[in-house]
Amino acid sequence: MLRAMSNAPEKAQRLAIIAVIAFLAVNVMFFLLSNSYFDSHRQMVPGVGSMPAFSPDQISTIRISFAAFSFIVVGAGVLGAMWPRVIGHVIPLVLGAAHLISAVVAFRHDATAVLWVMLAISGILLPVLSWLSFKGSRASWAFLIAMCAVLASVEFFGAPKVRGALDIGLWLTLIFPGLNSVAVSSLWSMNHEYLDPGAADRAATASATA
């Protein structure tokens, strides 16, 4: 017990170092790749000639959005590795509230019914499943993992559609699937806590009779 407690600060320090390195690495890479992208995209303006397609303000906004996206996802990943039970249930709870707000915004922006209905349903289910799973419900835990995994995939490929409906940046939209992926990882790391109560006894019996 004492040994585990003494190793906790060392683990936190290692994770923090890895997180900082990962954050800096992806942002440096994005900066270099985006430079090439922005330089290659130009537009013809009558009477002026060739002009950059992106203004300096637009470039700054895109880079800041990516920095926010990577900071939130990397930070959540580190916290999820340290406190998987808390982070794995808090993320779906927060995303559920965000989905409800997004459903209202999408409805007011005359988005397709499929989008805002999906957001409303997930906004209700995520908090409920998070609470029941946190209380120890194995079925809710499994359903919550499956739902977060599906949402991560759907929101990743549907990010351009959501961005248009909510009128926000693409990288800010990708925070949703990023956090859902962190939730899946954190929840799955606790699978030993949700084993079928009789599974261990059956496995022991089978091993003894083999």
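Is E193 buried, partly exposed or exposed? At 43% relative accessibility, E193 counts as partly exposed. Welcome to this structure, which is a predicted model. The points below start from E193 and its salt-bridge partner R85, then move on to the aromatic rings and to helix α4.

**The salt bridge**

- The structure holds 1 salt bridge, and it joins E193 to R85, with the closest N and O atoms 3.3 Å apart.
- This pair links distant parts of the chain: E193 belongs to the loop between α8 and α9 (199–209), while R85 is in helix α3 (residues 84–108), 108 residues apart.
- R85, like its partner, is partly exposed, in its case with a relative accessible area of 26%.
- R85 has a second contact to look for: its charged end sits over the ring of F134, 4.6 Å from the ring's centre.

**Aromatic pairs: F66 and W171**

- The count of aromatic pairs comes to 10.
- In one of them, the rings of F66 and W171 have their centres 4.7 Å apart and their planes at 85 degrees, so this pair is edge-to-face.
- F66 lies in helix α2 (residues 56–82) and W171 in helix α7 (residues 170–173), so the pair ties together parts that are 105 residues apart in sequence.
- F66 is buried, at 7% relative accessibility, whereas W171 is partly exposed, with a relative accessible area of 24%.
- F66 and W171 also belong to one aromatic cluster together with F30 and F69.

**Aromatic pairs: W141 and W188**

- The rings of W141 and W188 have their centres 6.2 Å apart and their planes at 10 degrees, so this pair is stacked.
- W141 comes from helix α5 (residues 138–157) and W188 from helix α8 (residues 175–188), so here the parts tied together are 47 residues apart in sequence.
- W141 is buried, with a relative accessible area of 7%, but W188 counts as exposed at 52% relative accessibility.

**Helix α4**

- Helix α4 (residues 113–134) has 22 residues, and at 1.5 Å a residue these should span 32 Å.
- The end C-alpha atoms of α4 are indeed 32 Å apart, which agrees with that expected span.
- The buried residues of α4 are L115, L119, S122, G123, L126, P127, L129, S130 and S133.
- Just after α4 comes G136, which takes a positive phi of about 110 degrees.

Note on methods. Residues are numbered from 1 along each chain as its sequence is written. This is a predicted model: local features need pLDDT of at least 70, side-chain atom pairs count only at pLDDT 80 or more; totals for chains, interfaces and linings use all residues. Side-chain values use heavy atoms; hydrogens and water are left out. Helices (H or I, at least four residues) and strands (E, at least two) are DSSP runs, numbered from the N terminus. The expected span of a helix is 1.5 Å times one less than its number of residues. Buried means under 20% relative accessible area, exposed over 50%, partly exposed in between (1.4 Å probe, protein chains only). Rings of Phe, Tyr and Trp (its six-membered ring) pair if their centres lie within 6.5 Å; planes under 30 degrees apart count as stacked, over 60 as edge-to-face and the rest as tilted. A charge sits over a ring if NZ of Lys or CZ of Arg is within 6 Å of the ring centre and within 35 degrees of the ring normal. A salt bridge is a side-chain nitrogen of Lys or Arg within 4 Å of a carboxyl oxygen of Asp or Glu.
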